[in-house]
There are 2 protein chains.
Amino acid sequence: MNIGKAVDLTHTISKGMTTYVGDPKPDIKQVKKLEHDGVNLSRLKLGSHTGTHIDAPHHFVSNGITVDELDPEAFCGQAVVLDLSNKKPGSGITASDLKRFTSSIKPGDIVLLYTGMSEHWGEQWARRKFTYLDEGGAAWLLQRKVKVVGIDYLSVEKFASKENLTHKKLLGNGVLIIESLNKNLRKFLGKRIFLMCLPIKTKGTDGAPARVLAYPLIGE
Amino acid sequence: MNIGKAVDLTHTISKGMTTYVGDPKPDIKQVKKLEHDGVNLSRLKLGSHTGTHIDAPHHFVSNGITVDELDPEAFCGQAVVLDLSNKKPGSGITASDLKRFTSSIKPGDIVLLYTGMSEHWGEQWARRKFTYLDEGGAAWLLQRKVKVVGIDYLSVEKFASKENLTHKKLLGNGVLIIESLNKNLRKFLGKRIFLMCLPIKTKGTDGAPARVLAYPLIGE
């Protein structure tokens with residue numbers, strides 16, 4: 001397998017950036033300055049699901065494993081990018097929506113859902129009315145034996161869901177989740193890529209910010 | 001180039017973990033619990049140089065570029081792991097110490113210095129008395145045209161240096177830095193590896209926590 005130059009699928013983490021409604025607001029503060037202290041140094045305050053991030057089973061599974069317990073390569077591997085941007089914002093991606101991609105998904109794949117919501121990053125209306133993966137769609141991906149599901153917006157779940165059945169279906173069955181990929185995902189619609197997604201290794205947490213790079217597969 | 005299974009060179013970020021003396025203490029707090037809130041969620045407080053991390057030029061260079069401005073692959077590539085564990089804790093690695101490795105370093109390499117200090121992670125005495133890279137050693141590596149210098153302890157600099165000449169020599173000339181690699185680095189002494197080091201993408205910061213994986217090169 002030969003790979004090309006990386007494309008960054010990661011949002012920049014900044015003070016006051018878009019987050020899931022109700023999550024802690026990220027803050028970055030410079031605490032030492034080169035002119036006065038001889039060094040520039042900063043302090044970060046982040047929710048565990050800030051910006052482009054991963055979900056560990058512990059997010060929604062009682063006694064589920066945490067970020068530091070995951071295999072470091074759990075989110076790395078061959079990925080297929082599916083175009084679901086025909087779905088109306090606020091609607092759920094169903095098993096029926098996914099069936100047309102059957103022949104492009106292999107067991108062990110990372111499946112990345114491009115909803116087009118990433119084009120509306122930072123727009124207030126979109127924080128509550130975004131395309132999600134419904135429980136049936138999650139079950140369908142589970143049957144395909146995928147290892148990770150990624151999406152280009154704040155959550156795989158319908159906004160303000162009480163039951164969180166999509167997260168529970170995936171995480172409860174060993175399928176991991178990447179959320180808030182940026183709109184560069186559009187560059188790979190319908191293609192297979194190699195994904196490097198490395199979360200920071202935080203002890204006991206339910207999720208963690210990650211850096212996510214997409215590598216084109218040369219000759220595919 | 002074929003690569004083997006990844007080895008994690010990253011420390012787990014945890015509350016109260018070892019940091020550079022005077023840096024903000026990391027804290028992780030669970031803010032929502034599955035039993036009460038229907039979800040597990042955490043909040044992180046971190047210094048920009050917590051655990052295994054990278055230094056951007058802005059750390060010690062006036063108007064130097066920040067973490068979010070770096071190429072996402074700036075810390076990725078072929079690396080050579082040098083054994084400097086013969087150096088006494090508290091002493092500086094000199095150009096003379098490095099000369100014996102001349103034939104193993106190529107232009108564009110990442111050079112990882114194994115000092116053995118990583119075996120003393122968490123020991124109080126070691127926080128102030130660790131092996132460092134002296135200014136002459138930094139100048140020598142710069143002449144070899146390496147792209148990144150990594151080390152298996154808190155800093156490339158002598159503890160409590162006022163001048164910070166090693167950082168300034170490297171960062172001021174476009175050579176980036178990785179600090180606090182864990183003791184797994186020992187597994188690759190004298191070898192070439194492929195390094196994937198991905199920092200989180202924090203806006204305007206001087207450094208950032210990173211996930212760092214070492215891949216053995218098969219057939220090398």
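This is a short dialogue on reading a predicted model with chains A and B.

Me: What should I know before I start?

Reply: The model is predicted: local features need pLDDT of at least 70, side-chain atom pairs count only at pLDDT 80 or more, and totals for chains, interfaces and linings use all residues. Residues are numbered from 1 along each chain as written, chains are lettered from A in the order written, and side-chain values use heavy atoms, without hydrogens and water.

Me: Which rotation superposes chain B on chain A?

Reply: Two copies of a chain are related by a rotation about an axis and a shift along it. Here the rotation is 180 degrees and the shift 0.0 Å, with RMSD 0.0 Å (least squares on C-alpha atoms of residues with pLDDT of at least 70 in both copies). The copies are thus related as by a two-fold rotation axis. In chain B, the C-alpha nearest that axis belongs to Lys45(B), at 2.3 Å.

Me: What is the order of strands in the open sheet?

Reply: Strands are DSSP runs of E, at least two residues, numbered from the N terminus, and two strands pair if DSSP finds at least two bridges between them. The order is β3(A)-β4(A)-β4(B)-β3(B), with antiparallel pairing. β3 of chain A and β3 of chain B stand at the edges, each with a single partner strand, so one side of each has no neighbour in the sheet.

Me: Is Lys87(A) buried or exposed?

Reply: Buried means under 20% relative accessible area, exposed over 50%, partly exposed in between (1.4 Å probe, protein chains only). Lys87(A) has 17%, so this residue is buried.

Key:
Helices (H or I, at least four residues) and strands (E, at least two) are DSSP runs, numbered from the N terminus.
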